Every structure is written in C-alpha cells, then in structure tokens.
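Trainee: I am new to this structure and would like a close look at what holds it together. Could you start with the charged pairs and go on from there?

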Amino acid sequence: MRNLKNVRLAEVQLQSELPLTATAWDTASDAVICTFGPTESNPVIELRRKRQDAYFSEPVGADVFECIASWDAPCPLPDLPCDRVLSLHYFADNLSACLVLEGGDIVIVREEPLPGEDKIEILGSVDVGITAAAWSPDEELLALTTRANTFLYMTREFENVAEITFTPEDLKASQHVSVGWGKKETQFQGKRAKALRDPTVPERVDEGKLSSNDDRRTTITWRGDGAYVAVNSIEEGTRRAIRVYSREGTLDSVSEPVDGLEGALSWRPYGNLIAGIQRRDDRVDVVFFERNGLRHGEFTLRLTEEEMSSWASDIHLTWNVDSTVLAVQFKDRVQLWTMGNYHYYLKQEFPVAVNSSCPNPFAFKWHQEKTLRFVAGASGTFSVSDID
C-alpha cells in the first residue's frame with residue numbers, strides 16, 4: 001500500500017469549557033456527534049453535533065457545534081471523582097444517541113422525541129458500575145462488562161438477554177499445549193544442541209505477568225460480522241486474559257498467557273486477527289491473536305526508551321472498517337500502520353494538541369462506512385481527516 005497522506009483536513013479550536021470526552025459518526029448526514037464533560041468540578045454532560053463542512057461555512061472563531069442536549073450527571077459511585085463516558089453511539093435511523101457511563105447509567109438522547117417520549121432518558125442502570133461497553137456492528141446488541149466481574153448482553157430495546165460471570169475456570173476453555181523444552185537447567189546447552197533446536201519452538205514460555213504500565217482497564221471489541229466479541233480484562237490480579245464469546249454468550253476461547261499484555265484490543269473487521277499491545281523491558285510490540293486465543297505474529301513500534309515512558313505509556317488500537325489500516329493511538333498522536341507482504345509499515349503520524357491536565361485520552365473514531373476518514377478530538381482541538 002502506498003504512503004498515506006492527508007487529502008482533506010478540517011480543524012477548529014473548541015469553544016466549550018468542558019473537555020471533549022467521546023465522538024460518534026452520524027452516517028446519514030456525515031456529521032459528528034460529541035460529548036463534552038463531565039469533570040470533577042463541573043458534573044455536566046453536553047451532547048453536541050458538528051454539521052458536515054461546518055468549518056468552512058462559519059466565520060473564524062465561531063463555535064461550529066450545535067447543542068443537542070445538556071444535563072447534570074453527578075457520579076453515583078462514591079469512589080469515582082466524576083462520571084465518565086465509556087461509549088457513545090449514534091443511531092442514524094431514529095436520530096438518537098446512546099451513552100454508557102462508568103457510574104452505571106445507560107442514557108438515551110432523542111433529537112426528535114415522539115409524543116410521550118422524553119428527550120433525555122435513563123433506560124437502565126448497573127448499580128456496581130460499568131467498566132467497558134461496545135455495540136455490535138449491526139447495532140442490535142450492546143456488550144457490557146461490570147465492576148462485579150460480569151459480562152452482559154443487552155438488546156437495542158435494552159433488555160438483558162445474557163449475564164455471564166468471569167471465573168478462573170474460564171482459562172481452561174482453551175487447552176494451549178506448551179511445546180517448550182522444559183526447564184533450562186535440564187537442557188544440554190552445547191553449540192550442536194543450539195544448532196539442532198527447532199526455531200519454531202520458543203526458548204521460554206510466558207506466564208502472563210502484568211505490565212508495569214497496566215492501567216487495569218477492560219476493553220471490548222466485536223468481529224466485523226458481529227458473530228463473536230472479545231473481552232480483554234485482568235484475571236484476579238494475576239494476568240490479562242482475552243475471552244472470546246459467541247453472539248449467544250457461549251465462551252469460545254481464552255488467550256494463552258502473554259507477559260506484559262496491556263488493555264488495548266481491536267478485532268480486525270475482516271475477522272482473522274485480534275490486535276493487542278505487549279510491553280517488554282526494551283520495546284513495545286503490537287501482538288496478534290487468532291480467535292482460538294493463540295498468538296499469530298507481531299511487529300515492533302518505533303519507540304525509544306524515553307518515549308516508552310512518556311507519550312507512549314498509554315496506547316489504544318483501532319482498525320478501520322475495511323481492515324487495511326491499524327490506528328495506534330498514543331497520548332498526543334496517532335500512527336497509521338498498514339500491512340504488505342506480511343510486514344507492517346508506518347505510513348503516517350498525526351500529532352494531536354492535548355491538555356496534559358485532562359485525565360481522559362483524546363477521542364479517536366474511524367468512520368463506519370468511509371474507510372479512510374477519521375475524527376480526532378482533544379480538550380482544545382477537533383479535526384476531521386480524509387487520507388489517501
């Protein structure tokens with residue numbers, strides 16, 4: 001694939017006092033829906049719309065976002081300083097937005113409510129709080145993980161159809177066979193022995209030790225056809241496990257132990273690979289898993305030791321809709337990687353102006369239909385880019 005470059009970039013300075021916290025695409029009008037807030041000092045959520053090409057029709061310095069709704073959102077959990085938007089999804093067919101909040105509330109905002117409907121409505125709450133949420137590609141199922149170590153499926157009508165509890169017994173779902181050579185001290189280490197060693201057999205087997213940078217977050221990602229969903233979470237404080245479930249809620253597989261595996265996770269829509277992040281002492285790798293939980297290759301990010309501990313200390317991953325570009329999101333930039341001849345190439349890097357005092361990572365979202373369009377927004381800036 002040839003080098004990617006910007007063919008269209010629209011960027012504005014945000015006028016809101018609240019930080020940008022999440023974005024979603026309205027595919028019907030090609031507008032961007034955004035949430036601003038809440039913060040510890042101002043527990044308010046604003047839902048706003050950026051109209052298509054509003055950048056070019058408004059005077060310089062004007063606020064190109066029109067307010068859809070605004071409401072107070074105090075956090076119901078006493079151990080959280082403020083609530084947080086975990087998921088923002090826009091349903092273009094009925095002009096409504098769904099927000100899933102860390103405090104446990106699931107909120108629907110209707111732009112054009114019918115008689116008898118509220119504009120803003122809390123359709124359900126999880127008392128213990130929510131750790132991650134993701135809608136299926138067909139918008140029919142919402143997958144949730146809770147602070148009680150449970151996994152939920154909800155329909156678009158917000159009816160609970162499955163509730164699964166994560167247990168250590170899940171790790172037995174995939175009987176990964178170690179093909180190592182046993183303990184090092186029992187092996188003959190002469191030159192002939194090393195020359196005869198099978199290069200496909202690892203010299204050591206990972207135990208699943210947690211990364212020193214692990215932020216303990218949970219991540220949910222769906223396969224492109226919506227038939228399977230993967231959940232990356234910490235298992236009893238010992239290691240990270242990637243569980244794969246069918247659409248019906250049946251546990252399909254669990255990943256093999258990987259030392260330094262972090263919370264980032266993104267299932268390639270094409271379906272063959274699940275991308276994650278493995279942090280080693282001297283490098284950071286993007287590692288791939290198959291649906292059965294087995295490792296399937298990796299590539300190393302180009303980072304110095306200083307960069308690993310600064311802007312690359314927190315990493316997120318997102319595939320674009322046609323599986324051709326993997327976005328690696330750092331604290332203040334996005335790198336776009338593509339694959340050719342089974343090798344990954346860094347094609348572009350975009351800086352993002354962020355406010356270091358804002359605890360939320362900047363919002364990044366690929367378009368669901370236009371394969372090379374994305375939106376990136378931070379506390380002070382907002383941009384829509386088309387690449388080619």
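Mentor: What follows goes from salt bridges to cores, then to cysteines and sheets. Keep in mind that this is a predicted model.

Start with the charged pairs. Side chains of opposite charge can pair when their charged atoms come close. The structure holds 28 salt bridges. Take three of them in turn.

Look at Arg247 and Asp138. Their side chains form a salt bridge, with N and O 2.6 Å apart. Arg247 sits in the loop between strand E16 (239-246) and strand E17 (251-254). Asp138 sits in the loop between strand E10 (130-135) and strand E11 (141-146). The pair therefore ties together parts that are 109 residues apart in sequence. How buried or exposed are the two partners? Arg247 is partly exposed, at 23% relative accessible area. Asp138 is also partly exposed, at 37%.

Now find Asp314 and Arg217. They meet in a salt bridge of 3.2 Å, N to O. Asp314 belongs to the loop between helix H3 (305-309) and strand E22 (316-319). Arg217 belongs to the loop between helix H2 (191-196) and strand E14 (219-222). Parts 97 residues apart in sequence are therefore tied together by this pair. Asp314 is partly exposed, with a relative accessible area of 21%. Arg217 is buried, with 17%. The cut-off explains the two labels, because buried means under 20%.

The third pair is Arg373 and Asp386. Their closest N and O atoms are 2.6 Å apart, in a salt bridge. Arg373 lies in strand E27 (residues 373-377), and Asp386 lies in strand E28 (residues 381-387). So this salt bridge links parts that are 13 residues apart in sequence. Arg373 is buried, at 11% relative accessible area. Asp386 is buried too, at 12%. This pair has company. Salt bridges with shared partners join Asp30, Lys370, Arg373 and Asp386 into one network.

Turn next to the nonpolar side chains. In soluble globular proteins, nonpolar side chains tend to be buried together. Here the largest nonpolar core has 21 residues. Val286 and Leu301 have the most contacts inside this core. Four elements give two or more residues to the core: strand E19 (274-279), strand E20 (284-289), E22 and strand E23 (326-329). E20 provides the largest share, 3 residues. Now follow the contacts of Val286. Leave aside its neighbours within four places in sequence. Val286 then touches Ala275, Gly276, Ile277, Gly297, Glu298, Phe299, Leu301, Leu317 and Leu326. There is also a second, separate core of 17 residues. Among its members are Leu47, Tyr90, Leu99 and Leu101.

Now the cysteines. A disulfide is a covalent bond between the sulfur atoms of two cysteines. How many disulfides does the structure have? The count comes to 0. Cys75 shows why: its closest cysteine sulfur, in Cys82, is 7.3 Å away, too far for a bond. Cys75 is partly exposed, at 22% relative accessibility. Cys98, in contrast, is buried, at 0%.

Last come two sheets. One is an open sheet of 4 strands, in the order E6-E7-E8-E9. Its pairing is antiparallel. Strand E6 (85-91) and strand E9 (120-125) stand at the edges. Each has a single partner strand, so one side of each has no neighbour in the sheet. Neighbouring strands of this sheet are turned by 20° against each other on average, direction ignored. Look at the join between E6 and strand E7 (residues 96-101). These strands run antiparallel, with 6 bridges between them. Ser87 has Val100 in E7 as its bridge partner.

The other is an open sheet of 4 strands with the order E10-E11-E12-E13. Its pairing is antiparallel as well. E10 and strand E13 (160-165) are the edge strands. Each has a single partner, so one side of each is left without a neighbour in the sheet. Here the twist averages 15° from one strand to the next. Strand E12 (residues 150-155) and E13 run antiparallel and are joined by 5 bridges. In this sheet, Phe151 stands opposite Ile164 in E13.

Terms used: Residues numbered from 1 in each chain as written. Predicted model: local features only at pLDDT ≥ 70, side-chain atom pairs only at ≥ 80, totals over all residues. Heavy atoms only, no water. Salt bridge = Lys/Arg side-chain N within 4 Å of Asp/Glu carboxyl O. Buried < 20%, exposed > 50% of the residue type's maximum accessible area, 1.4 Å probe, protein only. Core = buried A, V, L, I, M, F, W, Y, C linked by side-chain atoms within 4.5 Å. Contact = heavy atoms within 4.5 Å. Disulfide = S-S within 2.5 Å. Pairing = 2+ DSSP bridges. Axes fitted to C-alpha atoms, helices over the stretch in contact; angles between N-to-C directions.
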